[in-house]
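Colleague: Could you take me through one part of this model in detail, and then set that part in the context of the whole chain? I would like a connected account rather than a list.

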Amino acid sequence: MAITGTDINVAKEFLTKGELVAIPTETVYGLAGNALNDSAVLSIFEVKNRPAFDPLIIHTDSLEKAVEFVNEFPEKALLLAKHFWPGPLTLLLPKKQIIPDLVTSGLDNVAVRIPNHPLLLALLRSLPFPLAAPSANPFGYISPTNAAHVNAQLGEKIPYILNGGESEVGIESTIVGFENDEPVVYRLGGLAVEDIEAIVGKVKLMPHSSSNPKAPGMLKSHYAPRKPLYFNHRGAFLASEEMLTGYLLFDEYLENIDRKYQRILSKTGDMKEAAHNLFAYLRELDMLPIQQIRAEFVPMNGLGLAINDRLQRAAARE
Ligand code: TXA
Ligand code: MG
């Protein structure tokens with residue numbers, strides 16, 4: 001098991017030596033290394049078992065530092081950065097040479113974000129380099145939203161987990177790129193599309209992108225639990241299943257089914273609470289003595305788009 005603690009100096013020491021540290025963010029936990037150090041970046045891909053064609057997000061703590069890593073900041077990118085950083089927004093912008101090609105898998109754009117977590121921001125302020133950090137899960141599995149999740153899956157492979165408590169948002173950042181300086185959403189995430197549109201007007205959505213060269217890593221199988229998960233309208237659930245089934249539901253229990261096999265994302269129908277609970281509940285269901293998971297569609301407003309997107313990607317075919 002990795003040492004888990006709250007000491008940013010310990011984290012800093014490992015990172016400065018080129019070693020990896022798991023970091024808390026408001027979205028999900030990240031597996032971080034010095035983004036300017038090729039061998040640290042390589043070990044991120046190794047530890048995660050992640051294909052090298054799937055690029056990494058770099059994390060920094062100020063707009064002043066962010067502009068050192070990119071060649072251009074379109075006006076609308078700057079508006080979004082000023083409104084939502086620190087926060088669950090990642091911007092895809094043309095990279096400067098200082099960013100290693102390994103980080104971007106050879107692409108011309110680099111993904112940048114300023115995360116909103118006090119402990120991580122303090123760490124980032126103390127470092128003379130940005131942190132490359134994918135979600136701290138083995139490739140293809142559910143992203144971790146607390147230190148225990150990270151320890152269970154990557155604890156043998158990293159020396160230190162910086163424990164910042166539960167990730168408040170609970171799903172990964174929203175990724176926004178630009179086409180002719182106009183914003184395009186490449187990954188739905190913890191910042192709702194409505195909130196983005198309130199600042200920059202209508203945006204294009206291109207989230208399903210396994211064939212999209214701008215986001216090569218957004219594969220369909222991404223967020224899968226180990227048990228098969230089926231994703232339907234609640235009305236399509238059968239009254240009696242032949243298989244032992246766990247249920248991931250939006251705001252209401254199913255009748256006549258033992259509640260220990262059910263998880264309710266938000267009893268009040270609050271989308272932020274639902275997003276916060278999504279991955280932790282999927283993990284809990286995955287650990288139950290059941291054979292399959294059934295998840296219901298959530299309403300398509302606010303973070304509901306991102307929640308349905310993750311469930312869709314985790315789903316098996318019936
Ligand atoms: O909330 C988050 O974004 C979390 C926390 C740790 O910050 N990080 C995260 O990283 O979700 P990861 O690696 O699991 O997902 C990053 C996604 C990948 O799908 C990748 O393809 C895309 O961002 N991406 C990264 N750099 C890119 C680039 N230069 N061009 C296109 N897509 C990029
Ligand atoms: Mg990930």
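Modeller: A hairpin of six residues leads from β2 to β3, and in this predicted model the two strands run antiparallel, joined by three bridges. One of the pairs across them sets V21 opposite A32 in β3. Strand β3 itself is mostly covered, with five of its five residues counted as buried. Besides β2, strand β3 pairs with β7, again in the antiparallel sense, here over two bridges, and G33 has A132 of β7 as its bridge partner.

These pairings belong to an open sheet of eleven strands with mixed pairing, in the order β1-β8-β2-β3-β7-β4-β6-β5-β9-β10-β11. The edges are held by β1 (3–5) and β11 (204–205), each of which has a single partner strand, so one side of each lacks a neighbour in the sheet. At the β11 edge, strand β10 (residues 182–187) runs parallel to β11 and is joined to it by two bridges, with V184 standing opposite K204 in β11.

Two helices that pack on this sheet bring us back to β3. Helix α2 (residues 38–48) touches β3 (30–34) and β7 (131–132), and its direction makes about 155° with that of β3. Helix α7 (residues 147–154) also packs on the sheet, touching β1, β2 (21–23), β3 and β8 (160–162), and its direction makes about 160° with that of β8.

Within helix α2, V41 is a useful residue to follow. V41 counts as buried because 22 C-beta neighbours lie inside 10 Å, where the cut-off for burial is 20 or more. Leaving aside neighbours within four places in sequence, its contacts are G33, A35, P100, L102, V103 and A132, so that list includes both G33 and A132, which are bridge partners across β3 and β7. The contact with V103 joins positions 62 residues apart in sequence, with the C-alpha atoms 6.7 Å apart in space.

Seen from the other side, A132 touches A32, G33, A35, V41, I44, L56, I58 and V103, not counting residues up to four places away in sequence. A132 is also among the residues with the most contacts inside the largest nonpolar core, the others being V21, A22 and I58, and that core has 93 residues. The element that gives the most to this core is helix α9 (residues 271–287), with eight residues. The core draws at least three residues from each of domain 1 (3–205) and domain 2 (229–314).

For the chain as a whole, the secondary structure comes to ten helices and 15 strands. The radius of gyration is 19 Å, close to the 20 Å that the globule rule gives for 318 residues, so the chain is as compact as a globular protein of that length. Along the principal axes, its C-alpha atoms fill a box of roughly 60 × 45 × 30 Å. Of the 318 residues, 48% count as buried, and among contacts between residues at least 6 apart in sequence, 67% join residues at least 24 apart.

Terms used:
Residues are numbered from 1 along each chain as its sequence is written. Chains are lettered from A and ligands numbered from 1 in the order in which they are written. This is a predicted model: local features need pLDDT of at least 70, side-chain atom pairs count only at pLDDT 80 or more; totals for chains, interfaces and linings use all residues. Two strands pair if DSSP finds at least two bridges between them. Helices (H or I, at least four residues) and strands (E, at least two) are DSSP runs, numbered from the N terminus. Two residues are in contact if their C-beta atoms, placed from the backbone, lie within 7 Å. Axes are lines fitted to C-alpha atoms, for helices over the stretch in contact, and angles run from 0 to 180 degrees between N-to-C directions. The radius of gyration is taken over C-alpha atoms; the globule rule is 2.2 Å times the number of residues to the power 0.38. A residue is buried if 20 or more other C-beta atoms lie within 10 Å of its own, exposed if 12 or fewer, and partly exposed in between; C-beta atoms are placed from the backbone. A nonpolar core is a set of buried Ala, Val, Leu, Ile, Met, Phe, Trp, Tyr and Cys residues joined through C-beta atoms within 7 Å. Domain bounds come from an automatic or database domain assignment.
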